[in-house]
Amino acid sequence: MTHVTNVAAVKRHTNTSYRQRNLWSGFLFGLGLVAFIDETVFHQLLHWHHFYDKSTTDIGLVSDGLFHAFSWFATIGGLFMLADLKRRSEWQIKRWWSGILLGAGIFQLYDGIIQHKIMRIHQIRYVDNVIIYDIVWNGLALILIFIGLYFLKQSRHSPFKKDETNGEY
């Protein structure tokens with residue numbers, strides 16, 4: 001009887017561990033993806049700001065390079081975790097997507113509040129009426145977070161039973 005109880009406890013722990021890995025894999029991927037989009041669109045293509053605007057343009061470009069490297073490390077780390085989950089047949093797509101949305105939204109909200117307003121290392125755009133940009137930026141972040149939380153709640157109620165049609169949970 002004790003052996004059966006121990007096996008059930010190990011299985012519960014393993015299921016919880018894989019659920020957490022799905023969430024963290026998506027979180028890292030989402031964080032890296034939105035950081036990459038921010039850096040590519042707003043820093044490189046539109047030239048609205050650099051990661052660090054409190055110094056020279058050269059320092060701003062170096063800070064953009066470091067920010068870009070950070071975003072790729074997060075993205076690649078999340079994808080390595082995803083590959084391991086898929087290899088073990090433990091990928092839970094809804095939980096993974098909740099992680100993506102939460103990672104993207106939390107990073108964007110952190111950027112909009114901490115980096116833009118509290119630390120003031122850069123603004124989203126240097127214009128007279130920046131509040132419109134801030135509202136859109138932080139509003140989109142909150143939408144991503146709320147959708148991610150909704151998916152997370154849905155994934156908590158999902159059974160561990162494997163879907164026979166496509167091999168996903």
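This briefing covers the salt bridges, two loop residues, helix α4 and the nonpolar cores of the structure above. The model is a predicted one. A search of the whole structure gives four salt bridges, and the largest nonpolar core has twelve residues. Helix α4 covers residues 130-156 and contains residues such as Asp134 and Ile145, both of them buried.

**Salt-bridge network around aspartate 84**

- Arginine 21 and aspartate 84 are joined by a salt bridge between their side chains, at 3.7 Å from N to O. This pair links distant parts of the chain, since arginine 21 belongs to helix α1 (residues 2-45) and aspartate 84 to helix α2 (residues 57-87), 63 residues apart.
- Arginine 21 counts as partly exposed because its relative accessibility is 31%, which falls between the 20% limit for buried and the 50% limit for exposed.
- Aspartate 84 also forms a salt bridge with arginine 87, where the closest N and O atoms are 2.7 Å apart. Both residues of this pair lie in helix α2, three residues apart, or about one turn of the helix.
- Arginine 87 has a relative accessible area of 60% and is therefore exposed.
- Shared partners join the salt bridges of Arg21, Asp84, Arg87 and Arg88 into one network.

**Arginine 88**

- Arginine 88 sits in the loop between α2 and α3. Its relative accessible area is 37%, so arginine 88 is partly exposed.
- With neighbours within four places in sequence left aside, arginine 88 is in contact with Tyr18 and Arg21.
- Tyrosine 18 and arginine 88 are separated by 70 residues in sequence, while their C-alpha atoms are 9.6 Å apart in space.

**The α3-α4 salt bridge and its surroundings**

- Lysine 117 and aspartate 134 form a salt bridge in which the closest N and O atoms are 2.6 Å apart. Lysine 117 is in helix α3 (residues 93-118) and aspartate 134 in helix α4, so this salt bridge ties together parts 17 residues apart in sequence.
- The two partners have these accessibilities: aspartate 134 is buried at 5% relative accessibility, whereas lysine 117 is partly exposed at 30%.
- Glutamine 123 is placed in the loop between α3 and α4. With a relative accessible area of 10%, glutamine 123 is buried.
- Glutamine 123 touches both members of this salt bridge, Lys117 and Asp134, as well as His49, His116 and Val130, when residues up to four places away in sequence are not counted.

**Helix α4**

- The 27 residues of helix α4 should span 39 Å at 1.5 Å a residue, and the end C-alpha atoms are 39 Å apart, which agrees with that expectation.
- The buried residues of α4 are Val130, Asp134, Trp137, Asn138, Ala141, Ile145, Gly148, Leu152 and Ser155.

**Nonpolar cores**

- In soluble globular proteins, nonpolar side chains tend to be buried together.
- The twelve residues of the largest nonpolar core are Leu23, Phe27, Leu31, Val34, Ala35, Phe67, Ala74, Leu102, Ala104, Phe107, Ile145 and Leu152. At least two of them come from each of α1, α2, α3 and α4, and α1 gives the most, with five residues.
- Isoleucine 145, one of the core residues, is in contact with Leu101, Leu102, Gly105, Ile106 and Leu109 once neighbours within four places in sequence are left aside.
- Another core, of seven residues, lies apart from the largest one, and includes Tyr18, Phe29, Trp91 and Ile100.

Terms used
Residues numbered from 1 in each chain as written. Predicted model: local features only at pLDDT ≥ 70, side-chain atom pairs only at ≥ 80, totals over all residues. Heavy atoms only, no water. Helix = DSSP H or I, 4+ residues; strand = E, 2+ residues; numbered from the N terminus. Expected span 1.5 Å × (residues − 1). Buried < 20%, exposed > 50% of the residue type's maximum accessible area, 1.4 Å probe, protein only. Contact = heavy atoms within 4.5 Å. Core = buried A, V, L, I, M, F, W, Y, C linked by side-chain atoms within 4.5 Å.
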